[in-house]
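Open the model in your viewer and keep the selection tool at hand. The stops below say what to select and what is there.

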Amino acid sequence: MANVIRTESLGIMNQSIAGQDRAPLDALLLYAFTGLAALGAIFATAFSDDRLFRFHGYLLIGAFVLAFGVLTVALNSGRLRSSESHYSDGVIRAGVIATMFWAVVGLLVGVVIAAQLTWPNLLYFPEHGWLNFGRLRPLHTSGVIFAFGGNALIATSFYVVQRTSKARLAGGAWPWFVFWGYQLFIVLAATGYLAGITQSREYAEPEWYVDLWLTVVWVAYLLVFLGTLWKRKEPHIYVANWFYLAFIVTVALLHVINNLAMPVGALHHRSYSLFAGVQDALTQWWYGHNAVGFFLTAGFLGMMYYFVPKRAERPVYSYRLSIVHFWSLIFIYIWAGPHHLHYTALPQWAQTLGMTFSIMLWMPSWGGMINGLMTLSGAWDKLRTDPVIRMMVVAIAFYGMSTFEGPLMSIRAVNSLSHYTDWTIGHVHSGALGWVGFISFGAMYCMVPWLWKKDSLYSNKLVEWHFWIATTGILLYICAMWVSGIMEGLMWREYTSQGFLANAFVETVAAKHVENIIRTVGGLMYLSGALIMSYNLWRTIRLPSPASQTAVTAPALIPAE
């Protein structure tokens, strides 16, 4: 009888061990997907006679084969099994590192092209077309917006949704697919710009097959985020998650519709837009402005609504105002795109509609700014002692300034002076560097000690240096562009007594040489701040962890009450 019991016990134990050794379904699905993608990339590259398509085909083969090999090793070693008792922070740590890497790369390219505009004779390379302004400009734009900003949004959204839901990221291994799939998209897009693989659409330069790949990654991102919310242990969905979710869903919609195109061939890199003429222009700027509205505004407002209260150790000033801010912003923003097409073939009623909704955006935008600033009520003294809080507050101030200037520039009379000038460039950079850059840097400064379990940052003094150098750089940049842009617009509309243009285009370019020098210096200062920050975060990660946390490998989930 004892032998029978022992045999049954061993059998149950073996079944339990076999169940633990069995690879999880999410990992097996990812493994199969990666293998099929590698096989498809090999066949597509082998049968294509398009040199540029094959160039990207080789990159895809390398990426998918490497991923397939890594997954093979991980499945055999059992590393893809995850415990639901701890947060999934490994992918967030990778996201923080990628965010800072792409920040430095994107800002460096920006400084290079600013120098090219300043000293074109010194930095023009006729034998190396991929080094010239036409190829590097979209590389800088996408590098800062999608590589730096996109990685910051993915990393912080994964962090925030877990903490506010008290649930581990859904999908098992799929959050890692989102991370590495997005890095592959960035590499394909960046190398495409340098090689001339582009459909020449602002903020939507990559060709059709790169767009398809991003669609796959973005759907996985949406499912991971929704799945985490679905299994949350906290009944309430915190407002930051609403902003993140609006950003993910709307960007997916914008991306799919704006990039509808017909490829020249299934194995050819070139495609033609499904739209034409003024319909194409309207679709492009419906996308272009809402990429700003939902990628660069809604997503980073989610960041603000979590990290500012967390850092200040104060509740959101008005939770009701945050909900009003959310619904009014996402409803109004989607209609504002036509203000980019004043004085074009677009019907005037559509231009007026875009202008009207742009002016209406003042109300929710400033409501959000006031809510963010007033969250510091009772904690204003932290501005003197905590440079990270100061950076976030300045970010909110730039958000308020940019969302005042944007509607102002959408007014037809103002737009006639500002459009196509450096004033627009200054406006975009006040939002990108002041709002997006500073709120992202503030979030990274918060997350690194939390994720790597350090008591504090390596050096608050270096944060001070970063803040003042970068802030001065922004001010130099945007003030130079204001002066340059208004001067440019006035010179373009100046006529002689005979009715001819008083200034040739090259004369307007020569007139702003000093402002271009100041812009280059400002950009270099902002890049220097990012390098200081990267060093500070690296030294923070290398600090010894407190003794009380050395035995803890990941933060345990807080059980719902």
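A helix here is a DSSP run of at least four residues, and helices are numbered from the N terminus. With that in mind, select residues 319-333: this is helix 10, and F331 is found in it. Now add W335, W349 and L353 to F331; these residues make a nonpolar surface patch of about 480 Å².

**Confidence**

This is a predicted model, so colour it by pLDDT, the predictor's confidence in each residue from 0 to 100. The average for the protein is 90, and 93% of the residues score at least 70. Where in the protein is confidence lowest, and where is it highest? Select helix 1 (residues 2-21) for the lowest, with a mean of 44, and helix 19 (residues 513-542) for the highest, at 97. Within the first of these selections, look at residues 4-20, where pLDDT stays under 50 and the model has one contact beyond four places in sequence. Where pLDDT is low, the predicted coordinates should not be read in detail.

**Cysteines**

A search for disulfides across the whole structure returns zero. Select C446 and C479 in turn. Is C446 buried or exposed? C446 is buried, because its relative accessible area is 1% and the limit for buried is under 20%. C479 has a relative accessible area of 37%, so this residue counts as partly exposed.

**Salt bridges**

Side chains of opposite charge can pair when their charged atoms come close. The structure holds 10 salt bridges, and a few are worth a stop.

Select E202 and R137, whose side chains form a salt bridge at 2.8 Å, N to O. E202 sits in the loop between helix 6 (174-195) and helix 7 (208-230), while R137 belongs to helix 5 (residues 133-165); the two are 65 residues apart. R137 is partly exposed, at 24% relative accessibility.

Next select D280 and R201, which also meet in a salt bridge (2.8 Å, N to O). D280 is in helix 9 (residues 277-312) and R201 in the loop between helix 6 and helix 7, 79 residues apart. R201 has a relative accessible area of 7%, so R201 is buried.

Move on to R311 and D386, joined by a salt bridge of 2.9 Å, N to O. R311 lies in helix 9 and D386 in the loop between helix 13 (382-385) and helix 14 (387-410), so this pair ties together parts 75 residues apart in sequence. Both R311 and D386 are buried.

For the last stop, select D422, E488 and K512: salt bridges link them in a network.

Methods. Residues numbered from 1 in each chain as written. Predicted model: local features only at pLDDT ≥ 70, side-chain atom pairs only at ≥ 80, totals over all residues. Heavy atoms only, no water. Patch = residues over 30% accessible without salt bridge, like charges linked within 9 Å, V, L, I, M, F, W, Y side chains within 5 Å. Areas by Shrake-Rupley, 256 points an atom, 1.4 Å probe, with all protein chains shown as cover. Salt bridge = Lys/Arg side-chain N within 4 Å of Asp/Glu carboxyl O. Contact = heavy atoms within 4.5 Å. Disulfide = S-S within 2.5 Å. Buried < 20%, exposed > 50% of the residue type's maximum accessible area, 1.4 Å probe, protein only.
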